[in-house]
Amino acid sequence: MVKKDEGRARRPPPQPAERPLDDGVRYGPETWREIDGVAFCHWDRWLLRLALAEPRGLAAIQRELRARTANRRLDRDVAEAMLAQVVDLRGRLARLARTPEAIGRR
């Protein structure tokens, strides 16, 4: 009796469209994805993941970072850099007329 699979060529399992987050080192400014000529980096990927988990999305993250820039007990430089990244990300999303959900789950 011949098994059904014996006559077929074995194909390797499909590879994910992108490297999983836990597959090695990522550098924030490296390009993660490009959509319609607009580049998104790994920092954007991280922010989009946070936005998907946050009920109020990027707006809530932006508000929190803005509050941190005003807090003298925290490292304001880091908060300002992250805030600038969120503002820039929102601008690129607006240019593409896309939401974090459309980009982050793609």
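Start by selecting Ala79 in this predicted model: the residue is buried, with a relative accessible area of 4%. Ala79 sits in helix H3. Now show its surroundings: leaving aside residues up to four places away in sequence, Ala79 touches Leu65, Arg68 and Thr69. For a distance to draw in the viewer, pick the C-alpha atoms of Ala79 and Glu64, which lie 9.1 Å apart in space and 15 residues apart in sequence.

**Next stop: H2 against H3**

Select residues 57-70 for helix H2 and residues 76-96 for helix H3. How far apart are the axes of H2 and H3, and at what angle do they pack? The axes are 8 Å apart, and the angle is about 150°. The cut-off for roughly antiparallel is over 145 degrees, so H2 counts as roughly antiparallel to H3. Turn the view to look through one helix at the other, and you will find that H2 passes H3 in a left-handed crossing.

Now light up the side chains of the contact. On H2, select Leu58, Ala59, Ile61, Gln62, Leu65, Arg66, Arg68, Thr69 and Ala70. On H3, the partners are Arg76, Ala79, Glu80, Met82, Leu83, Val86, Val87, Leu89, Arg90 and Leu93; Ala79, where the tour began, is one of them. Try colouring this contact by residue class: you should get 12 nonpolar, 2 polar and 5 charged residues.

**On to the core**

Which residues touch the most other members of the largest nonpolar core? Among its 16 residues, they are Phe40, Leu58, Ile61, Leu89, Leu93 and Ile103. Colour strand S1 (31-35), strand S2 (38-41), helix H1 (42-53), H2 and H3 to see the elements that each give two or more residues to this core. H3 provides the largest share, with 5 residues.

Zoom in on Phe40 next. Setting aside residues up to four places away in sequence, Phe40 touches Glu30, Thr31, Trp32, Arg33 and Ile35, along with Leu89, Arg92, Leu93, Leu96 and Ile103. Leu89, Leu93 and Ile103 in that list also belong to the core residues named above.

**Zoom out**

Finally, switch to a cartoon of the whole chain. You can count 4 helices and 2 strands, and tracing along the sequence gives the pattern β-β-α-α-α-α. Colour by burial, and 30% of the 106 residues come up as buried. A contact map rounds off the visit: of the contacts with a separation of 6 or more, 49% are between residues 24 or more positions apart.

Technical notes. Residues numbered from 1 in each chain as written. Predicted model: local features only at pLDDT ≥ 70, side-chain atom pairs only at ≥ 80, totals over all residues. Heavy atoms only, no water. Axes fitted to C-alpha atoms, helices over the stretch in contact; angles between N-to-C directions. Parallel < 35°, antiparallel > 145°, perpendicular 65-115°, else oblique. Left-handed = near helix turned anticlockwise from the far one by under 90°. Contact = heavy atoms within 4.5 Å. Nonpolar A, V, L, I, M, F, W, Y, C, P; charged D, E, K, R; others polar. Buried < 20%, exposed > 50% of the residue type's maximum accessible area, 1.4 Å probe, protein only. Core = buried A, V, L, I, M, F, W, Y, C linked by side-chain atoms within 4.5 Å.
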